[in-house]
Every structure is written in C-alpha cells, then in structure tokens.
Amino acid sequence: MSSLHLLQSPKPDVTLSLNLSSQSNTTSFSPTSSHSHDHNHNHLQTTSSSSSLTKAEAEKGGVVLIQLLFSCAKHAACGNLRHADSCLSQISQLASVDGDSMQRLAARFASALALRLVKRWPGLHKALWHKPQMGRAQLASVPTFPCLGIAYSIIARTLIHSLSHQDAIHFVDFGSGDLRLWIPIFRRLAVPGEPRENGPLSLNFTFVHGNKAILDKLGLGLAKEAEALGFSFEYNALNIPLQELTSEMIKARPGEALAIVSILSLHVLLAEDDRVEAQFGGKRNKGIKDCQQMSQFLAMVKSMSPKVVLLVEQEADHNLNRLVDRFLGSLHYYSALFDSLDATFGSSSSSSDDQERLELEEMFGREIENVVACEGLDRVERHERYEKWVVRFGGAGFRPSRMWFDPMEDANKMVKVCGSELEGYKVVNNKASFVLCWHDRPLYAVSAWIS
C-alpha cells in the first residue's frame with residue numbers, strides 16, 4: 001500500500017488536509033472543498049472501475065482516500081457530524097471491499113467510523129446495525145494466514161524444547177482453540193528424545209473460551225489425537241470470558257509442568273473506563289498506565305508457578321485514549337496487514353482463496369471497528385507493543401526467557417522453516433522475543449516468560 005507511505009504521518013492536532021504532488025505541479029486538496037474534490041472524485045470514480053488503472057492513478061486514489069479518512073476521523077472525534085458524513089459519502093464512492101488493498105482497507109475504516117457516528121443514537125444503532133455478533137476475532141477459523149503459521153511454529157518448538165522430557169504436562173490455552181497448533185505439538189511430544197521414566201505421557205488440557213461450540217470442537221479433536229498417541233488425557237473446558245478466570249478453575253496438580261499459551265487474547269484485560277483516568281489521572285509505571293485488572297490477572301498466573309508462558313500479541317500501540325491518535329496508528333498497522341494479504345491472495349483467481357481473504361479481512365475489520373468505534377469497557381482491542389508487555393509481566397514477577405533459537409540459523413530463514421515461502425515476511429530476533437514483520441513493519445510479537 002505504497003500510497004500510505006507517500007504521506008508523512010501528520011500530528012493529530014494539526015489539520016489533516018494534505019497536498020497531492022505530481023511531476024509538473026502540486027494540486028491542493030481539501031476533503032470538504034467542492035470544486036477541487038469534484039474533479040478528483042469524478043476522475044477517480046471513472047478510473048477506479050477501469051481495468052487499465054495505472055499504478056500512478058492507483059497511488060493518487062490511495063492518497064485521496066487517506067486524506068478523506070483522516071479528515072473523517074478528526075470530524076468524528078470533534079463531534080462534527082455534518083462534515084464527517086460528507087467525508088463518508090465521498091469515501092463510499094472510492095472504497096470497495098473487493099477493490100485493491102487501499103480500497104479494501106478504506107472500506108473497513110469507513111465502516112468503523114460510520115459505526116462510531118451511529119452509536120451516538122443507541123436506538124438507531126440497535127435498529128440499523130444488523131451485523132452478527134461474532135465476538136472477538138477468531139484466527140482459528142481462518143484457513144490461511146502466514147503470520148499465524150510462523151507464530152505456531154515458534155510456539156511449538158519452544159514448548160517441545162521446554163517440555164519434551166516431562167512425564168506430566170498441563171497446557172492452558174487462553175482463547176486460541178486451534179487444532180493446527182496443538183496436534184503437531186502432541187505428535188512431537190509422542191517421540192521424546194529419551195524414554196520417559198514413569199510410562200506414557202499424562203496430558204491435562206484447559207481451554208478458556210466464551211464459545212461452547214469452539215470448546216467442544218477442540219476437546220473432541222484433542223481427545224481423538226491423544227487416544228491415537230496413547231496419552232493419558234483430560235480436558236477441562238471453561239466456557240467463560242478471560243476476565244472471570246481464577247486459579248482454582250485451572251485445577252493444576254502437583255508434579256505437572258504447567259505451560260500457558262495466550263494468542264491475541266491477553267490485551268482484552270486492558271479494557272477499562274477511560275473516563276476515570278481522564279478525570280482523575282492514572283498511575284503510571286515507566287510511562288505505562290497501570291491496569292488493575294491486568295495486574296491482578298498476571299499475579300494470579302504467577303501464583304500457579306508456570307514453567308513457561310507464551311504470549312502472542314499485535315505489535316502495535318492502539319491502547320490510546322484519543323481517537324485520532326489510535327486511528328493514525330491503526331491505519332498504518334492495518335495497511336501493512338492488508339498489503340500482506342494482497343501479496344498472499346492478490347494473484348489468485350480461486351474462489352476459495354477469495355473466500356479466505358474475505359474472512360481474514362472481515363476479521364481485521366471487526367478489530368478496526370473496535371479500535372475506532374468503541375470506548376471504555378467496550379473497547380477490548382487494546383493492542384500494546386512488546387516493550388510495554390515487558391513492564392507489565394516484569395511487575396508481576398516474570399522474566400523474559402529466550403525461546404527456541406538455533407544460533408546457526410539466521411532469523412530471516414525461520415520464515416521458510418515455519419512454512420511460508422512468500423517474499424515479504426520476515427522474523428526479527430529481538431532479545432527474548434521474535435517479531436513477525438511484513439517487510440519492515442512489525443505485525444506480531446511472540447515472547448516467552450518464566451517465573
């Protein structure tokens with residue numbers, strides 16, 4: 001999405017009206033200006049549907065969309081509904097969920113901004129917003145996503161390295177529920193490097209999730225695999241949100257090696273009423289605002305003395321109070337994700353690939369809607385960067401642990417080791433974490449923690 005990188009990130013407090021430059025001249029553009037916009041809009045409306053759209057025209061169209069999105073976000077934050085509606089009207093003529101990557105991204109952000117505006121009238125929102133309540137994004141239901149495969153491979157290698165000689169293991173899954181992660185781990189554990197002293201491996205598995213159907217599906221799949229491998233297996237399904245989990249529910253037993261895996265789930269515990277901090281101020285630790293719910297949860301996890309905690313989180317800073325601040329950051333972040341999807345699926349004419357891409361983009365669209373349209377306790381997609389998790393986990397008494405890594409193997413080669421041949425993905429070894437990137441844009445961080 002090169003059009004996004006043509007712009008320097010504007011500061012949130014300054015005007016979001018930018019200039020478009022060409023080789024011969026500079027054209028001033030204001031989203032609310034009728035004359036200059038009508039010419040650009042008519043030209044783009046014609047060319048966006050043309051199969052002969054040039055790269056320069058696509059980039060120019062992308063810049064116009066970015067300007068409109070920034071202006072709309074600013075108007076939405078200020079409560080200027082008339083101007084926000086005008087921007088959305090213009091965006092709707094240029095954006096498309098089946099267009100190029102910039103048009104697809106713009107369609108998702110426009111939907112999020114529209115939702116934010118409509119939510120000012122709760123009755124109207126409930127009457128008109130008929131989208132199904134899908135809950136949080138479920139990567140486990142998406143067939144193809146290279147970043148997920150890379151993260152799974154890193155997690156599997158780390159767990160096997162840590163647990164391969166244990167006789168009794170208790171896995172706790174905070175919300176992923178993906179057989180593509182767990183079945184390969186089960187199979188690797190069935191072939192230990194040395195014979196086990198106390199007979200067949202004993203496996204206890206706790207899965208925390210708010211969807212009973214997903215809980216049942218994982219339980220059946222794991223039980224079938226454990227039986228085939230000759231494991232002693234127990235499954236503890238907890239149909240609750242992560243916020244309600246207690247250590248007693250885990251039912252950890254003496255002698256078990258406890259391993260906890262959280263994939264894109266832990267940040268929901270950062271949700272809080274931001275009006276309290278805005279009015280009274282909040283405590284901060286090394287510049288990071290404290291969150292009592294997260295601190296209590298991590299203290300509870302620490303009290304169970306896990307052998308290892310594996311964490312996968314978005315490498316982004318979307319836990320910000322001001323809409324324009326997090327809108328700007330999320331636009332850059334998701335532009336990289338949509339670019340990576342374009343590289344993964346863009347050249348495919350397969351209907352199944354189109355469906356997979358749509359599922360992924362709808363999933364990211366729900367994240368975008370939560371980041372942009374929601375506030376307070378409803379805003380659960382509060383992504384934070386690895387350095388902030390270091391402070392939070394450190395405050396609970398955890399230490400970063402170096403994960404599996406062969407010093408003879410360059411980190412960038414891990415992408416191929418983990419099953420992705422697509423050029424553009426890379427893995428950066430950042431001390432005790434691996435950062436999964438699309439080119440130079442960090443997307444996800446995988447880290448390990450010990451007590």
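**Exercises on a predicted model**

The side chains of Gln-314 and His-383 are joined by a polar contact of 3.5 Å. The structure is a predicted model.

**Exercise 1.** Place Gln-314 in the secondary structure, decide whether Gln-314 is buried or exposed, and list the residues in contact with Gln-314 beyond its neighbours within four places in sequence.

*Solution.*
1. Gln-314 belongs to strand 9, which covers residues 308–314.
2. The relative accessible area of Gln-314 is 1%. Buried means under 20%, so Gln-314 is buried.
3. With neighbours within four places in sequence left aside, the contacts of Gln-314 are Leu-264, His-267, Tyr-333, Glu-367, Glu-381, His-383, Glu-384, Leu-443 and Tyr-444. His-383, the partner in the polar contact, is one of these residues.

**Exercise 2.** Count the aromatic pairs in the whole structure and classify the pair Tyr-425 and Trp-438.

*Solution.*
1. The whole structure holds 21 aromatic pairs.
2. In the pair Tyr-425 and Trp-438, the ring centres are 4.9 Å apart and the planes stand at 65°. Planes over 60 degrees apart count as edge-to-face, so this pair is edge-to-face.
3. Tyr-425 lies in strand 11 (residues 425–430) and Trp-438 in strand 12 (residues 433–438), 13 residues apart.
4. Tyr-425 is buried at 6% relative accessibility, and Trp-438 is buried at 8%.

**Exercise 3.** Which residues make the nonpolar surface patch of about 320 Å², and how does Leu-124 count by relative accessibility?

*Solution.*
1. The patch is made by Trp-121, Leu-124 and Leu-128.
2. Leu-124 is located in helix 6, residues 122–128.
3. The relative accessibility of Leu-124 is 41%, so Leu-124 counts as partly exposed.

Definitions and conventions
Residues numbered from 1 in each chain as written. Predicted model: local features only at pLDDT ≥ 70, side-chain atom pairs only at ≥ 80, totals over all residues. Heavy atoms only, no water. Patch = residues over 30% accessible without salt bridge, like charges linked within 9 Å, V, L, I, M, F, W, Y side chains within 5 Å. Areas by Shrake-Rupley, 256 points an atom, 1.4 Å probe, with all protein chains shown as cover. Salt bridge = Lys/Arg side-chain N within 4 Å of Asp/Glu carboxyl O. Helix = DSSP H or I, 4+ residues; strand = E, 2+ residues; numbered from the N terminus. Buried < 20%, exposed > 50% of the residue type's maximum accessible area, 1.4 Å probe, protein only. Polar contact = N/O pair within 3.5 Å; in protein donor to acceptor, adjacent residues only side chain to side chain. Contact = heavy atoms within 4.5 Å. Phe/Tyr/Trp six-rings, centres within 6.5 Å; stacked < 30°, edge-to-face > 60°.
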